[in-house]
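Q: Please take a close look at one strand and its surroundings, and describe how that part is put together.

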Amino acid sequence: MAIRAMFENSSDIGVFSLLTNSYCLVALGGSMNFYSVFEAELADHIPVIHASVAGIRPIGRLCVGNKNGLVVPNTTSDQELLHLRNSLPDTVVVQRVEERLSALGNCISCNDHVAIVHPDLDRETEEIIADVLGVEVFRTTIANNVLVGSYAKFTNRGGLVHPRTTIEDQTELSQLLQVPITAGTVNRGSDVIGASLVVNDWS
């Protein structure tokens, strides 16, 4: 199933939301139309949570998560952290991390089993990602871009990567992630896959 949505006048809904198999985060301050798209499709299955991180709205680029957990940057306030912990299902672990590359959503892409990360991510952050999200972590690039979270999006069923990703790299990624991978664009030619869409295993 595919549904179109916009946040105010932006088609980059992956900047302003984060979708997993157990929860959905949407940025504060959007139109009711934006929220209603998510709530109509998801609210019967998983919680749709209105939140901010570091007092700003691009939550999809600042944090990373899956059905097991959510990792947020150290700029997340205590109040925001408490709101997330109180709103998310009890099975979801929420962890704040000290990381120089604080736009975690740009630097990490994951499903419920595997994460690919920016080659320069701190070792401590890598360990937290593995522990909190319950994933195996691999350092890599996508089409020679270090921002793997911006240029790749995948679920437990498949993934989409930057259009200049070679066939060899797609095959290698597919073997690494154990899901089919294809290259392409969204939003009429955008190669910034992670910013342009949100996906889970069933929507």
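**Strand S5 and its partners**

A: S4 and S5 form a hairpin, with three residues between the two strands. In this predicted model, strand S4 covers residues 64-65 and is joined to S5 by two bridges, the two strands running antiparallel. Within this pairing, valine 64 stands opposite valine 71 of S5.

S5 itself spans residues 69-73 and is mostly covered, with five of its five residues buried. Buried here means under 20% relative accessible area. The cover extends to both faces of the strand. On one side are Gly69, Val71 and Pro73, and on the other are Leu70 and Val72, all of them buried. Val71, the residue opposite valine 64, therefore belongs to the face with Gly69 and Pro73, and counts as buried by the 20% cut-off.

S5 also pairs with strand S6, residues 93-97. Here the sense is parallel, and five bridges hold the pairing. The chain gets from S5 to S6 by way of helix H3, residues 78-87, in a β-α-β crossover that is right-handed. In the S5-S6 pairing, valine 72 stands opposite arginine 96 of S6. Valine 72 lies on the side of S5 that also carries Leu70.

Taken together, S5 has an antiparallel partner in S4 and a parallel partner in S6, and both of its faces are covered.

Conventions:
Residues are numbered from 1 along each chain as its sequence is written. This is a predicted model: local features need pLDDT of at least 70, side-chain atom pairs count only at pLDDT 80 or more; totals for chains, interfaces and linings use all residues. Side-chain values use heavy atoms; hydrogens and water are left out. Buried means under 20% relative accessible area, exposed over 50%, partly exposed in between (1.4 Å probe, protein chains only). Helices (H or I, at least four residues) and strands (E, at least two) are DSSP runs, numbered from the N terminus. Two strands pair if DSSP finds at least two bridges between them. A crossover is right-handed if, with the strands pointing away from the viewer, the path from the first strand over the helix to the second runs clockwise.
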